[in-house]
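Student: I have a model open in front of me, and I would like to learn how to read it. Could you walk me through some features one by one?

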Amino acid sequence: MTANYLLEIGLEEMPAHVVRPSVEQLKTKTAAFLNDQHLAFARIEVFATPRRLAVLVRDLATEQPDQVEEVKGPAKKIALTPDGEFSKAALGFARGQGVDPSAITFKDFKGVDYVFVEKKTVGRPAAAILPELIQVVKGLTFPTRMKWGTNHFEYIRPIHWLVSLLDDQIIPMSLLDVTAGRVSQGHRFLGKPVTIATATDYEQDLAQVKVIADLARRQALIEAQIQTIAHDHNWQVDLDPDLLEEVVNLVEYPTAFAGHFDHKYLAVPEPVLITSMKDNQRYFYVRDQNGQLAADFIGVRNGNREYLDNVIAGNEKVLVARLDDARFFFEEDQKLSIDAYVAKLKKVTFHDKIGTLYEKMQRVNVIAQSLGQLFGLSAQEMADLDRASRIYKFDLVTGMVGEFPELQGTMGEIYAKIFGENDAVAQAIREHYLPISAEGALPASRVGATLAIADKLDSTLAFFVVGMIPNGSNDPYALRRQAYGVVRILLANQWHLSLGKLQAEIEHVLADRGLTFKLDWQKNGAELRHFFTDRMRQLFSEKNFRHDFVEALADSNAIDPTMINEVAETLNEHRHDDDFKETIEALTRVLRLTKQTDAKSSDLSVDPALFENPSEQVLFDAVTQIRSQFAQQTVEQNYEALRDLRPLIENYFEENMIMADDLQVRNNRLNQLRILQKLITIFGDLQELVVK
């Protein structure tokens with residue numbers, strides 16, 4: 001037999017971004033609990049609003065199946081006395097399993113006879129098991145938690161009611177002073193308490209008290225209402241998915257409405273208007289049929305259409321207040337020059353251990369110029385990069401960004417154009433913040449990409465040299481995201497940059513220009529290299545490279561993301577070649593030997609006069625040829641060249657004792673292998689590869 005089970009957690013209003021993840025978590029953990037308890041079910045439906053999280057388990061088995069388990073006991077020689085009777089050990093084992101000694105059998109297990117019994121466990125009814133789901137309720141995790149009253153228990157918001165019904169039967173459970181029953185709550189203003197007769201009545205009963213509990217139905221209703229308003233006014237509406245998701249999780253009974261503001265505010269830059277409507281007020285902005293932003297918006301009320309005119313007027317008043325501020329700041333900000341704003345940055349602290357924003361821009365200017373030359377930017381791009389890097393933080397001290405901090409960079413681009421900067425400089429000012437999330441959009445221009453890398457590298461290095469290194473989940477300055485952004489930008493532009501050697505090079509250029517600002521830019525170098533290595537591991541894992549490829553390549557000393565990515569793709573391409581295993585084994589043999597006998601001298605000269613066998617000269621000539629072309633060839637060509645060395649390497653080891661008694665001969669052979677080893681290590685630590 002089956003039944004349907006409803007569990008609802010009633011709460012104070014939760015933040016919108018918590019609602020869907022929390023109900024999905026409740027679903028997952030409920031399913032895991034039921035599976036652990038061997039209670040079969042057809043499916044789990046979820047319901048959620050700002051004030052409730054609920055699951056409805058369809059066709060839940062009303063009892064566990066009986067379980068028959070074969071249990072192994074002591075060895076036969078221990079279970080029987082010399083007289084062939086059951087020993088105390090056997091009798092105690094049977095008693096412990098709740099069976100009669102007559103149920104004991106003997107079976108072979110790995111060549112030895114052991115006692116076995118079949119233990120039958122009678123299935124428990126679901127009604128006796130489901131109260132334990134309160135542990136699932138308690139075990140939900142949230143990004144923030146709070147206490148209430150005198151309780152020590154923490155949750156996302158205070159719990160006000162619980163509903164727990166197996167069909168029409170209340171399943172008892174309690175949390176703090178809240179006892180589960182069949183009474184839920186309707187809309188805070190339009191509804192009232194509602195008694196749920198049976199689990200499957202839940203959605204329908206809540207609808208009677210102005211709560212649309214199903215997320216998908218609520219979203220579909222909002223979309224339909226917005227499209228109707230847009231059609232009636234001949235508007236185009238961008239149903240931004242993030243905003244739509246937030247609005248869906250802010251309301252229980254949605255009613256969309258249209259509002260208007262004075263056309264004079266359209267003189268304010270469009271990003272400011274959109275931010276005011278979308279980010280600050282959760283309104284959907286609209287455009288006319290020509291694609292121009294209209295002086296209108298669509299909002300969604302948590303309620304019905306009663307007194308809707310008053311609601312619209314109130315929302316218009318709130319929005320206009322923000323737009324008045326925006327227009328004021330926009331006009332006031334244009335009364336100063338970019339140079340005046342840059343001068344203000346001399347008094348704005350980037351971090352008290354690092355210095356001011358002005359000092360940061362000075363460093364970034366030098367770093368950016370070095371990177372621009374390395375990346376091959378044109379003369380015009382270098383000039384644009386120089387100008388952008390000298391001013392790119394100026395908008396942080398404008399009134400507009402002070403009021404709307406989410407517009408940093410965006411207002412920088414707008415103001416830069418107003419103040420006469422060219423488009424490339426203005427674009428770079430906006431793009432230097434990109435990507436703003438792990439997988440967010442990257443800078444589209446080469447100037448913007450270079451400035452973004454320079455800014456992120458300066459931030460990362462600066463915090464490392466003052467000892468503020470991320471650990472565990474603690475990363476208050478988002479250094480992981482910034483470093484990962486550097487890696488992504490390098491890959492997107494196919495730019496080569498050795499992150500492993502970067503710190504020393506930056507220290508050199510800053511010291512040369514007198515811009516170290518009394519910081520030791522070589523400090524915590526090992527930690528910094530490890531930090532970038534972890535970002536590479538993250539990248540490789542997300543590209544679904546084999547785990548051994550990740551480990552082999554992430555430890556590259558250069559930590560050149562573009563080079564490492566090319567190597568990973570090359571190895572991935574050749575991993576199914578017939579000779580891949582033999583090639584890797586030959587190359588790793590070189591690596592193992594040179595790793596065990598690291599040279600104390602940097603002198604890697606090889607004297608052909610000390611060769612004793614033809615294989616030495618053959619390998620020497622081949623490696624010399626490859627070495628001369630290695631830097632100019634592609635990774636694919638270099639792999640093929642090393643692969644072609646395999647028979648020469650095998651012959652070399654066959655004919656020569658590397659650790660010869662003659663010290664000169666030994667060092668000569670080791671140097672020959674060390675030269676080869678330096679070519680091989682472009683492919684990382686091949687010893688980590690698993691070849692079969």
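Tutor: Happy to! Keep in mind that this is a predicted model. Let's start with S276, which lies in helix α9, residues 270–280.

Student: Is S276 buried or exposed?

Tutor: The cut-off to remember is that buried means under 20% relative accessible area. S276 has a relative accessible area of 0%, so this serine is buried.

Student: Which residues does S276 touch, not counting residues up to four places away in sequence?

Tutor: With those sequence neighbours set aside, S276 touches Q281, L319, L323 and F404.

Student: And what does an exposed residue look like in this model?

Tutor: Try K347, in the loop between α11 and β17. Exposed means over 50%, and K347 has 79% relative accessibility, so this lysine counts as exposed. As for its place in the chain, K347 is 332 residues from P15 along the sequence, and their C-alpha atoms are separated by 37 Å.

Student: How should I describe two helices that pack together?

Tutor: Two packed helices are described by the angle between their axes and the distance between the axes. Here, take α7 (residues 215–233) and α8 (residues 241–248): they pack at about 115 degrees, and their axes are 10 Å apart. The α7–α8 crossing is right-handed.

Student: Which residues of α7 and α8 meet?

Tutor: From α7 come L215, R218, Q219, I222 and E223, and from α8 come L244, E245, V247 and V248. Sorted by class, this contact has five nonpolar, one polar and three charged residues.

Student: What can I read from a single helix, such as α13?

Tutor: Begin with its span. Helix α13 covers residues 379–391, 13 residues in total, and reaches 19 Å from its first C-alpha to its last, close to the 18 Å expected at 1.5 Å a residue. Next, look at its buried residues: E381, M382, D384, L385, A388, S389 and I391. Those buried residues of α13 pack against α11, α12, α16 and α17.

Student: How do I read aromatic pairs?

Tutor: A pair of aromatic rings is described by the distance of the centres and the angle of the planes. This structure holds 18 aromatic pairs. In one of them, the ring centres of F109 and Y114 are 6.0 Å apart and the planes are at 80 degrees, so the pair is edge-to-face. F109 counts as partly exposed because its relative accessibility is 35%.

Student: Why is the pair of F153 and Y155 called stacked?

Tutor: Planes under 30 degrees apart count as stacked. The planes of F153 and Y155 are at 25 degrees, with the ring centres 5.5 Å apart, so this pair is stacked. F153 is buried at 18% relative accessibility, and Y155 is buried at 0%. Ring pairs also link F142, W148, F153 and Y155 into a cluster.

Student: What should I look for in the backbone?

Tutor: Most residues other than glycine have a negative phi, and most peptide bonds are trans. Now look at the peptide bond from L434 to P435: this bond is cis, with omega near -5 degrees. P435 sits in the loop between α16 and α17.

Student: Where is N234, and what is its phi?

Tutor: N234 is in the loop between α7 and β13, and its phi is positive, about 60 degrees, although N234 is not a glycine. F517 also has a positive phi, of about 50 degrees. You will find F517 in the loop between α19 and α20, and its 25% relative accessibility makes F517 partly exposed.

Definitions and conventions:
Residues are numbered from 1 along each chain as its sequence is written. This is a predicted model: local features need pLDDT of at least 70, side-chain atom pairs count only at pLDDT 80 or more; totals for chains, interfaces and linings use all residues. Side-chain values use heavy atoms; hydrogens and water are left out. Axes are lines fitted to C-alpha atoms, for helices over the stretch in contact, and angles run from 0 to 180 degrees between N-to-C directions. Helices (H or I, at least four residues) and strands (E, at least two) are DSSP runs, numbered from the N terminus. A crossing is left-handed if the near helix is turned anticlockwise from the far one by less than a right angle, and right-handed if clockwise. Contact means heavy atoms within 4.5 Å. Ala, Val, Leu, Ile, Met, Phe, Trp, Tyr, Cys and Pro count as nonpolar, Asp, Glu, Lys and Arg as charged, and the others, Gly among them, as polar. The expected span of a helix is 1.5 Å times one less than its number of residues. Buried means under 20% relative accessible area, exposed over 50%, partly exposed in between (1.4 Å probe, protein chains only). Rings of Phe, Tyr and Trp (its six-membered ring) pair if their centres lie within 6.5 Å; planes under 30 degrees apart count as stacked, over 60 as edge-to-face and the rest as tilted.
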